[in-house]
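Me: I am new to this structure and would like a close look at a single part, the place where the ligand is held. Please go through it slowly.

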Amino acid sequence: MANINLSKLLGEQLPVDIINFMKKAGEAAEKRQQRLYVVGGVVRDLLLGRCNTDLDLVVEGDAIKLAHAIAASKKAKATVHTRFGTANLKWANRSVDFITARAETYARPGALPTVRPGAISDDLARRDFTVNAMAIELNPRHYGEVIDPFGGRQDLDKKLIRILHKKSFSDDATRIWRAIRYEQRLDFKIEPETLRLLKWNIKMLKAVSGDRIRHELELVLKEETPEKQLARAGGLGVLAALHPALKADDWLAETFAAVREKNLPEPAQSRLYLALLCYRLNEAELEQLMKYLRLPKTTAQVLQDTLAIKDKTKELAAPGLAPSVVYRLLHVYNAAAYIANSIGADSETAAEHIELYLNVLRHVKPALSGKDLEKLGVTRGPRIKEVLQKLREARLDGKVASKEGEREIVRKHIKSL
Ligand code: ATP
């Protein structure tokens, strides 16, 4: 394809403050005799007409020094990673990453790459797919010029996800998950030879650390409809590499759709998706998966609680349970685990009981305090807790509705002793 200049498209599609920032950054780079490019997702999405303002800037030369020079004029907050030669600038609601252009080589499959400074062409050559391996120059003399050495624009037109070279998946098998993620998000197809190599390299996922796989799964679960990515991963045998007992079927799609209806903020929504993905595992399978992915404690607790509540579905499915019984069965788990079960339970009655607990029962408390009980003559210590529990149950089951009613129960209780 002929070289094109996208300065007009940039101006039409990106907010004016981002355009001004990119131009200023280009001028600052020019002054320092560096070349500056915007790369990756923003370029891809610009050409697709999708909104993306997460700028990744690549600098030929020292990215950190350039970022500092720009930060000073913008009053932006700079965070620097000297080891990686990267910096991040934040101001207002904007965030921009600066990376030093680099070349990467892989000593062995799955290992982290060896890195050395390079030119923009090296930096694009280390990327995952042709559609992500394009850059737009920001220096004033070349502002808007597209660099597309691998035919990314052509693949955007053909709606194809294509790797840059044969060893791409064996160098870094996380690209398998990434290919699926973009294919399903953009409604593209993985190009046939790429697909063949992807399948061949599924075994290489074992060479990747659980941390990196977890990161890819987290990205999948942040997609708009992650059930699509998971179904594709299921069809290709990639999901089985995560754990052979995981399933991405109609049930999963229906429960994920129900999650979206809750309109939860992140990370609650992703966690709920994960809980439902793991809902049909048994305890031992869940343990294996959690260990492999090295899930953080809070997430692990949600998943364990989800299975603990699921274990009680049969009891919760009995119609007409007294509220105090529901309370006892469901007290006390992580909030997300209730929602996962109210969506996932195969019994409507059980789901209703869970919702009742979540929305009403868990907030029910006796009006009398421990101090009040002491004044009424209940002996200090475990007995107080016992009586408070009795009062709560009486409230839950509608046997008492006033403070005086509670006092009456306490007096009777003391007498009965
Ligand atoms: P999005 O954020 O919309 O998913 P993105 O393209 O911004 O897309 P990031 O995960 O932020 O995705 O990565 C930024 C860029 O870094 C990608 O466009 C890609 O070029 C490159 N990249 C990320 N991960 C890899 C990888 N494992 N191998 C090669 N290149 C990668």
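How many residues surround the ligand, and which are the closest?

Reply: This is a predicted model, in which local features need pLDDT of at least 70 and side-chain atom pairs count only at pLDDT 80 or more, while totals for chains, interfaces and linings use all residues. Residues are numbered from 1 along each chain as its sequence is written, and side-chain values use heavy atoms, with hydrogens and water left out.

The ligand is surrounded by 15 residues, where a residue belongs to this shell if one of its heavy atoms lies within 4 Å of the ligand. The closest are Arg44, Arg127, Asp172, Arg175 and Arg185. Sorted by class, the shell holds ten charged residues, four polar ones and one nonpolar one; here Asp, Glu, Lys and Arg count as charged, Ala, Val, Leu, Ile, Met, Phe, Trp, Tyr, Cys and Pro as nonpolar, and the others, Gly among them, as polar.

Turning to where these residues come from, α3 (41-48) and α8 (174-186) each supply at least two residues of the shell, and α8 gives the largest share, six residues. Helices of this kind are DSSP runs (H or I, at least four residues), numbered from the N terminus. Domain 1 (1-158) and domain 2 (163-292) both give residues to the shell, so the ligand lies between them; the domain bounds come from an automatic or database domain assignment.

Several N or O atoms of the protein approach oxygen atoms of the ligand, and a pair of N or O atoms within 3.5 Å is called a polar contact. A polar side-chain atom of Arg127 lies 3.0 Å from a ligand oxygen, and for a polar side-chain atom of Tyr182 the distance to a ligand oxygen is 3.1 Å. Gly41 takes part through its backbone, with an N or O atom 3.3 Å from an oxygen atom of the ligand. On its own the ligand has 590 Å² of accessible area, and the protein covers 74% of this, as computed by the Shrake-Rupley method with a 1.4 Å probe.

How values were computed: Polar contact = N/O pair within 3.5 Å; in protein donor to acceptor, adjacent residues only side chain to side chain.
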